[in-house]
Structures are given as structure tokens and as C-alpha cells.
Amino acid sequence: MIQRRQTLFLLTAAVLTVVCLCLPLGVFTPGTGLDGEEVMYNLWIMRPDGSLDFSVWALFAILLLTCPITIMAIFSYRNRITQSRFCMFNILLCLGWYAVYAVMAFNAGEDGSAFKPTLTAALPAVNMILYFMARKAILADEELIRSADRIR
């Protein structure tokens, strides 16, 4: 199971998802007359006074949903079609995460503040690439199995 390259892709994607859940996604720099920066995480926005605004919880929910699906994909190695569907569903979830991220980045800051994304915001894109590569390897394995069944 672990020696298959798609398992390594999926395991790397799961680790990157956990890293993305823990690190900040961006910073709202204040406009004129405002004090301090607001830091946006997946679950909350930390205000300059230390208070937390949980208006961006949907980002956390989407990424948290991809973790068990990735683990289920790793352990469903005997059913390759289901495994490839899990990968495709995770790709769609990551695309949805970016849609929610864009909406939250433009609407969550205070008036006149500019948003600067961090490098952590690119991790779901890396995950999408890893899910695509894993899906491609899974489907290649399925083709190999089907061609071996034809020879018998």
C-alpha cells in the first residue's frame, strides 16, 4: 500500500492540509486612520486587540472535510475507482475552498483595509496537483489490471 506512488501523493496532500489548517492565510493591512493588522486563519480572523472573529469558519470546514476523505482514499486501495472518485471530490473541494477564500478575503476586512495573502494560501493548489497526480496513477493502475485480465 505505502509503496504505491499515489499513496505517497495522498499522504503528502493530507500533511499539507494539516499545515494549511494551522498557519495564517493572509493579513489585512489597515487603511488610513486604522490601527494594527488583522491576521486571517482558516477558522478565525485575529483582530489587533486580540479578539477573534469566526466569520471565516467555512474555510476551516472545507479543509477539515478533505482530511478524512484523503485518509479514506489511502485505505481504499483495493477499490481503485472509488479511490479516484475521492481524489476528484477533493479537487472540487479545494476549488470550492478557493472560491470561499476569495469571497472572505474581499469581504472580511474592515473598511479601507488591503488584503495580502501568505504563501500558506497556495497549499490547497499544491494539494489539487497532488490529487490530480494520484488520480492519474490510480487510473493507470486500473488500466494495468484490466489489461492483465484480458491476457488470461
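**Buried cysteines, helix H3 and the aromatic cluster**

Cys94 is buried, with a relative accessible area of 1%. This residue of the predicted model is one of the buried positions of helix H3, among which are also Cys87, Trp97 and Tyr101. Cys94 takes part in no disulfide, and the nearest cysteine sulfur, that of Cys20, is 8.8 Å away. A disulfide is a covalent bond between the sulfur atoms of two cysteines. Because the criterion applied here requires two cysteine sulfur atoms within 2.5 Å, the separation of 8.8 Å leaves Cys94 unpaired. By this rule the count for the structure is zero disulfides. Cys67 is likewise in no disulfide, with the sulfur of Cys22 as the nearest one, 9.5 Å away. Cys67 counts as buried, at 16% relative accessibility.

Cys94 also has a partner in another helix. Asn127, which lies in helix H4 (residues 123–151), is in contact with Cys94 as well as with Ala13, Leu16 and Thr17, leaving aside neighbours within four places in sequence. Asn127 is itself buried, at a relative accessible area of 1%.

The helix that carries Cys94 deserves a closer look. H3 spans residues 80–107, and its 28 residues reach 41 Å from the first C-alpha to the last, close to the 40 Å expected at 1.5 Å a residue. Its buried residues include polar and charged side chains such as Arg80, Gln83, Ser84 and Asn90, together with Ile91, Leu93, Met104 and Ala105.

The aromatic residues of H3 lead outward from the helix. The whole structure contains seven aromatic pairs. One of them joins Tyr98 and Tyr101 edge-to-face, at 6.5 Å centre to centre and with 85° between the planes. These two tyrosines are three residues apart in helix H3 and are therefore separated by about one helical turn. An α-helix has 3.6 residues a turn, so residues three or four places apart point the same way. Tyr98 counts as partly exposed, at 22% relative accessibility, whereas Tyr101 is buried, at 8%. Tyr101 also pairs edge-to-face with Phe115, at 5.9 Å centre to centre and 70° between the planes. Because Tyr101 lies in helix H3 and Phe115 in strand E5 (residues 114–117), this pair ties together parts that are 14 residues apart in sequence. Phe115 is partly exposed, with 22% relative accessibility. Phe28, Trp97, Tyr98, Tyr101 and Phe115 form one aromatic cluster.

Trp97 and Tyr101 belong to the largest nonpolar core as well. This core has 32 residues, and those with the most contacts inside it are Leu10, Leu25, Met40, Val56, Leu59, Trp97 and Tyr101. The elements giving two or more residues to the core are helix H1 (5–22), helix H2 (57–75), H3 and H4. Leu25 touches, among others, Met40, Leu59, Trp97, Tyr101 and Phe115, not counting residues up to four places away in sequence.

These details fit into the following overall plan. The protein has four helices and five strands, which run α-β-β-β-β-α-α-β-α from the N terminus on. Its radius of gyration is 19 Å, against a value near 15 Å for a compact globule of 152 residues. The C-alpha atoms fill a box of roughly 75 × 20 × 20 Å along the principal axes. Buried residues make up 38% of the 152 residues. Of the contacts with a separation of 6 or more, 65% are between residues 24 or more positions apart.

Technical notes:
Residues are numbered from 1 along each chain as its sequence is written. This is a predicted model: local features need pLDDT of at least 70, side-chain atom pairs count only at pLDDT 80 or more; totals for chains, interfaces and linings use all residues. Side-chain values use heavy atoms; hydrogens and water are left out. The expected span of a helix is 1.5 Å times one less than its number of residues. Buried means under 20% relative accessible area, exposed over 50%, partly exposed in between (1.4 Å probe, protein chains only). Rings of Phe, Tyr and Trp (its six-membered ring) pair if their centres lie within 6.5 Å; planes under 30 degrees apart count as stacked, over 60 as edge-to-face and the rest as tilted. Contact means heavy atoms within 4.5 Å. A nonpolar core is a set of buried Ala, Val, Leu, Ile, Met, Phe, Trp, Tyr and Cys residues joined through side-chain atoms within 4.5 Å. The radius of gyration is taken over C-alpha atoms; the globule rule is 2.2 Å times the number of residues to the power 0.38.
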